[in-house]
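Thanks for sharing this one. Here are my notes, point by point, to read alongside the structure.

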2 protein chains.
Amino acid sequence: MAYNAPVSDIAFALTSLAGLSGLEGNPAFENYDADLIDPILEEAGKLARDVLAPLNQTGDKAGAVLEASGVKAAPGFADAYAAFRDGGWMGLSAPEEWGGQGLPKVLGLAVMEMFHGANMAFALCPMLSFGAIEALLAHGTDDQKAKYLPKLVSAEWTGTMNLTEPQAGSDVGALKTKAVPNGDGSYAISGQKIYITWGDHDVAENIIHLVLARLPDAPEGSRGVSLFIVPKIMVGDDGSLGEQNGVKCIGLEQKVGIHASPTCVMEYTQATGWLIGEENKGLACMFTMMNSARLNVGLEGVGVGEAAWQTAFDYAQERKQGKVAGVQGAAPILHHADVRRMLTTMRAKVMASRAICYACGVAADLAEVGETQEQRDAAKLREELLTPIAKAWSTDMGVEVASLGVQVHGGMGFMNETLAAQLYRDARIAPIYEGTNGIQAIDLAGRKLSMAGGAAMTSMLAEIEATARSARETNDPGLVQIADRLNAANKALSEATDWMKRMMIEDRDVALSGATAYLALAGDVIGGHFLTKGAVEARSSDGQTRGRMTALAGFYAETSLASAPGAVASVTQGGQAMLAESEALFGIA
Amino acid sequence: MAYNAPVSDIAFALTSLAGLSGLEGNPAFENYDADLIDPILEEAGKLARDVLAPLNQTGDKAGAVLEASGVKAAPGFADAYAAFRDGGWMGLSAPEEWGGQGLPKVLGLAVMEMFHGANMAFALCPMLSFGAIEALLAHGTDDQKAKYLPKLVSAEWTGTMNLTEPQAGSDVGALKTKAVPNGDGSYAISGQKIYITWGDHDVAENIIHLVLARLPDAPEGSRGVSLFIVPKIMVGDDGSLGEQNGVKCIGLEQKVGIHASPTCVMEYTQATGWLIGEENKGLACMFTMMNSARLNVGLEGVGVGEAAWQTAFDYAQERKQGKVAGVQGAAPILHHADVRRMLTTMRAKVMASRAICYACGVAADLAEVGETQEQRDAAKLREELLTPIAKAWSTDMGVEVASLGVQVHGGMGFMNETLAAQLYRDARIAPIYEGTNGIQAIDLAGRKLSMAGGAAMTSMLAEIEATARSARETNDPGLVQIADRLNAANKALSEATDWMKRMMIEDRDVALSGATAYLALAGDVIGGHFLTKGAVEARSSDGQTRGRMTALAGFYAETSLASAPGAVASVTQGGQAMLAESEALFGIA
């Protein structure tokens, strides 16, 4: 039941699918060359397998607990965190200026996929630190950066995001937490925040909270929200730790999964904080954290999906049940065609979502360091387009694949003692937090399709068409059939896209009623594009990789891509049938 | 968060969709007429709402516990069981000869849907008794019937099914429990059984275990399995209770859900049992229980789905978030198109699966009491065809819909305190037990399609075509569009059926690799057939029902039926792409 980091699949996805090679030779990454990929992945894989994975089920069972002194992480987590910290993993893709290694972000994301897969509850802690680092890099003053970044990058301290309040979930603008100027440049922050991941713990000596709050007389709604830095323990100008700040965890949520990740109710009582970014521009700062977190949450889906597939594959090789031609005695259930199909579904979808997430990561890197403005602009559009898909499609996939993992286990899958059962519970949060998947769909349909005159999706569609062409040009009958499926699916996506862009103008409610179906279609097709690319690229790989990638692409083409044309109606017609009878269905117009 | 029995939806499904009226005037049901439906559903609905539903979350939290004296049900469950027993619900569709009310089975199933929806962990107890009653009715001797049936029908005693052993799950024939003749007509049963639902408890005074075991020198495998009656407490010839038998619960499983349903490890130590049915024909007897249980498990999917939809609809009306045109202040999330779409998906699929299950129930009734042999034969084929679909499609639906219910709740849905979270956990067992959904798919593709020269599916396809025709003949543009979708979907199902029948002969592995996709397609199309029928039938109903049924059918047609043609490749091509590269994917040929 060990988690084994899928180093070769990850390396293949990075180099052959996501375009990591486009970052080679980029002056921003002078430390980077392709020879680093395998050693980094191998080393991170060891931490995942040997340190994090063994704590996954024990952490689920024990959970984090709230004591008088604060939150105590599950047994072993403090040591595991120390190993993570000492390995320098937090700084992998942080700037050298602040103690990082200056490597591409996408490498850091690949490493995070492993940590999520090995122990999602644990990995949430550095994931939040990562968001805090991004926000400080983008919006912090030089003093703020100097004070906080080195400790966050070294992982001596951790970071949190404090957005949600009981009345302000998806609608962040409804928050009420107050920030009153103290007259010395600092603010007194008071209010309650809920669902704060790793909001308190004992695995690091300080916690840097990034808190959304409202200045006195700030405009109502999201235009009156500002972001503040609130350390758990006050930090002197020399970096020394001082008094406890006015913030504490007053409750832990009892959740369906990720038990070892403390989900805190945080109380701020005249806590001292400092503005980050401009007054009333907190939402923009928050989106810096959010965008990075969204992609990272997508990787939770990938990581948990990978863990579910591995666990199910292991079980299918061990568990014997029933007779099969050619096998003496009871056969491992892997020999049953239906079990193989579940496993293949899992593996194909995990690989597709991995490619989508990494491609988004490469785009995020290029959007910052691309060598021409044109390249940076194009990459930014690609990143913006793929972020909601990476988040929503990958996390829905994670739930589906974890559920299939349970099914492969039969009755054992419903027992809390199995990892499969835990993954089913853990996976379920990812479609919810960092913007529900419905919010992602609205973001995709409402904002991302209209950016730059629709250029983001137009260029994606063109790239998919090129992939289909390259598959057809191999003249390999298997690949030609995949190419035909991809082409038809791409036409369907194009048709649905045109409808969505038009309908967002003509009737926004009708458009939004198809948004989730549209995102699902986009993810299905873009995922198929990457698997097709994989089958083409793998022609020059060894027989095993070639066979595997061809099978995954072929299976996916017949199961997911073949369904794409029929899914257009789901986008364009489904919502209309519903909205026409709103009164009868919902009792409201 | 109360569960409100959906009496009008259930009555509509029974009478307008499932064909309950075909049982009116049948001499076997002289107690039955249509006026009884509403009062029975209302009364059962009260028990569900007032007694069972309030214990659903408390039961989840407390669970059943194993004490020295045996298993103690969760607090309140014994009283709830007494209310269930005193209401006479166990005997609703049992023969009058044994104390029942002699009403159609399908009415009993409709009532069970409510109990499953209100409290699935509770409803499992009578569900298992129901299976024991069916087995005794079909295979018991007159003495056995006289001894056990009155007490089971009155619910004074409960029943269990003891099949699974650690090495014998889906492959029941691998079981090892022994039955040695005592020389007095009884047998000494010894062995261990696992996953025994309500295997022990304190809510009734006796438990009648039906136990699969192997006689000395019995043939290996499933042909050497016999079924035995093993009472927990010995029953004298006068019906009096005597000594404790050699059976006890030695452990309770810690499960993902249905915590209040004790899942027992049972140890049989020279327990006294009596053969039921013929020697070595236990599997046939077991299938009597199993078939009834499979349909009942399908209704768990329906019931939990209904509960999830209701809970989500309630929450969507209460929870305010974000602004919407036409609503002052923050709007209930029900106003957001994406939330409505989730709710509509839930409701449409619940209604479709309800109709499939009830139609299977009506067929089960007619298979027994149809007035001509021809009618009985046709009904038996329909029952056999629909049973695996009712079980698998409805339970997969239950998981999907419960997961959507979580999503509607946002962060709250991941908190154990919400019913939505519990339903997500509870629902997950149903695709596994009583034959995994993969086993159902193999049963459908491998056995049900070939019965009577394929007549079962042929007549189903013809009926679907007739439904499409009747929808088209209304000349209502909305219904005509639904009819077109249904027709195209039906053609797709027909094509996939032809392929499956042929491939089961030509290459069984290839066929079975498409079995789950085939069952999903069949369920999608048959579900759409019933919703279409509902839209046609509702034309003579009040405006509210008409609007609702039209919207559900229209929505389903564009979302599920429209995808059916594209799903044929998933059945016919998906497995081949996978099996061709088995070595690369699985390391085995």
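How many residues does the contact take from chain B, and how many from chain A?

1. Please keep in mind that this is a predicted model. In it, chain B brings 75 residues to the contact and chain A brings 75 residues as well. On the side of chain B that touches chain A, the biggest contributor is helix α17 (residues 543-559) of chain B, which gives 9 residues.

2. The make-up of that side of chain B is worth a look. It has 33 nonpolar residues, 28 polar residues and 14 charged residues.

3. Now to the symmetry. A turn of 180 degrees, with a shift of 0.0 Å along the axis, lays chain B on chain A with an RMSD of 0.0 Å. Two copies placed like this are related by a two-fold axis. The contact fits this picture, in that both copies use the same surface: 100% of the contact residues of chain B recur in chain A.

4. On the fold of a single chain, chain A has 20 helices and 11 strands. Its radius of gyration is 24 Å, close to the 25 Å from the globule rule for 589 residues, so chain A is as compact as a globular protein of that length. The C-alpha trace of chain A spans about 75 × 60 × 60 Å along its principal axes.

5. Finally, the packing inside the chain. In chain A, 61% of the 589 residues count as buried. Among the contacts in chain A with a separation of 6 or more, 76% are between residues 24 or more positions apart.

Key:
Residues numbered from 1 in each chain as written. Chains lettered and ligands numbered in written order. Predicted model: local features only at pLDDT ≥ 70, side-chain atom pairs only at ≥ 80, totals over all residues. Contact = placed C-beta atoms within 7 Å. Helix = DSSP H or I, 4+ residues; strand = E, 2+ residues; numbered from the N terminus. Nonpolar A, V, L, I, M, F, W, Y, C, P; charged D, E, K, R; others polar. Least-squares fit on C-alpha atoms with pLDDT ≥ 70 in both. Rg over C-alpha atoms; globule rule 2.2 N^0.38 Å. Buried ≥ 20, exposed ≤ 12 C-beta atoms within 10 Å, placed from the backbone.
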